[in-house]
Amino acid sequence: MTGHDRPDAGRVLLDGKLGEGGGHVLRSALSLSLITGRPFHLSGLRGHRDPPGLRPHHLAYVRGAEALSGGTSEGASVGSTELRFTPGPVRAGDYLLEAGASGSTPRLFQCLVYPLALAGGGRLTLRGATHPRGGPSFHELVGAWQSVARAYGLPVQLSLTHAGFLPEGAGEFTAEVGAPAEPPVRVDLPARGVLREVRVMSVVGGLPFAVAERQSRAAVAALRERGILAEADNRPLAVTRSQGSATLVLAQFEHTVAGFTSLGERGLDAEGVGREAAEALTRFMETGGALDEHLAEQLLLPAALLASGRLGAVTPGTTRFTAARITDELTVQAEVLRRFLPVHLQVDPGGSVEVRPA
């Protein structure tokens, strides 16, 4: 059942601190609007940022939501601090979408994948930065996010055509999105359990392969200093106009998975890139959380869909997990979810999160 079959189609107002949340609030609101059929008005968008208002890469989320549903928007321009969005019914099918040179294709994917899946599925071909800063990389989607998707009955296959690094972007990946299978009634992740395996993936595009080898050696050595053994996998990536490097440290625990990416940048040598990714894992392991803070944020939306009965479950389900840290982004996203869906979402500052039917 789509949101357009339901009686809860009143406009959702998102203002104040929610507006200041910027991109992650916008992505969540667009995704939920497509799913529920409810229009929204988001005001105060990045009002205290410099520069304020929508940036070019934010508009890619709006244009993507419009493409999937034939929806309409007001205020979708660079610098605008207000946006009104009215969705149409999401159509299953194949879509080619541009995130822009600085736009994150993984973020655009996470904005659109749930509405497309609930509409019956299709293919998303996304162009832009596949390894952006401040968000998941393509390889984090494959290594960590996909396990979350499978836990909620969402079949998604991801393939990288060519990588895109900032500032040029110019990458592309494809997502084959299926309709949801029968989801679980309960997802419980109170603890990550014992560490089973750590893999280091070091990639380069348009740079000497020796850079990848130096990154992985540094990551493996940094992990060994903490008593963690890791296998390394070095790969060259096809690129078009961009060049760059990245190191992903992926840890498989008994009950959960965690991935941490470090990107090459000016002023940071290859060894520094490798150590940075390794140190992110060791910091996570010093916490008691089952999920790292970023994967915890990404889990909220499918958890809320399960709790509201929108994943096709006969009985709405409950999700419980612990996070390494409760971020401002997570608490703000929780409030956005409450505005759109009839769910009870409890976030404990100590790290425990529960999402259950209202």
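**Exercise 1. How many bridges join strand 5 to strand 6, and in which sense do the two strands run?**

Solution. Keep in mind throughout that this is a predicted model. Begin by finding strand 6 at residues 121–128, and then follow its pairing with strand 5, where six bridges join the two strands, which run parallel. To place one position within this pairing, look at Leu 96, which stands opposite Thr 125 in strand 6. Next, turn to the helix beside these strands: helix 3, residues 56–69, packs on the sheet and touches both strand 5 and strand 6, and its direction makes about 160° with that of strand 5.

**Exercise 2. Work out the order of the strands in the sheet, and explain why strand 5 and strand 7 each have one side without a neighbour.**

Solution. As a reminder, strands of a sheet pair through backbone hydrogen bonds, either parallel or antiparallel. Take the pairings in turn: strand 6 pairs with strand 8 in the antiparallel sense over eight bridges, and within that pairing Leu 124 stands opposite Ala 175 of strand 8. Strand 8 also pairs with strand 7, again in the antiparallel sense, over six bridges, and here Ser 159 has Thr 174 in strand 8 as its bridge partner. Putting these steps together with the parallel pair from the first exercise gives an open sheet of four strands in the order 5-6-8-7, with mixed pairing. Strand 5 (93–98) and strand 7 (156–162) each have a single partner strand and stand at the edges, so one side of each is left without a neighbour in the sheet. From one strand to the next, the twist averages 15°.

**Exercise 3. Decide which helix lies across strand 5, strand 6, strand 7 and strand 8, and explain why strand 8 is largely enclosed.**

Solution. The helix is helix 4, residues 105–118, which lies across those four strands and runs at about 165° to strand 6. For strand 8, which covers residues 171–178, count the residues that are buried, meaning under 20% relative accessible area: six of its eight residues qualify, so strand 8 is largely enclosed by the rest of the structure.

**Exercise 4. Describe the protein as a whole, and explain why it can be called as compact as a globular protein of its length.**

Solution. First take the secondary structure, which comes to nine helices and 16 strands. The radius of gyration is 20 Å, close to the 21 Å that the globule rule gives for 358 residues, so the protein is as compact as a globular protein of that length. Finally, consider burial, and note that buried residues make up 57% of the 358 residues.

Note on methods. Residues numbered from 1 in each chain as written. Predicted model: local features only at pLDDT ≥ 70, side-chain atom pairs only at ≥ 80, totals over all residues. Heavy atoms only, no water. Pairing = 2+ DSSP bridges. Axes fitted to C-alpha atoms, helices over the stretch in contact; angles between N-to-C directions. Contact = heavy atoms within 4.5 Å. Buried < 20%, exposed > 50% of the residue type's maximum accessible area, 1.4 Å probe, protein only. Rg over C-alpha atoms; globule rule 2.2 N^0.38 Å.
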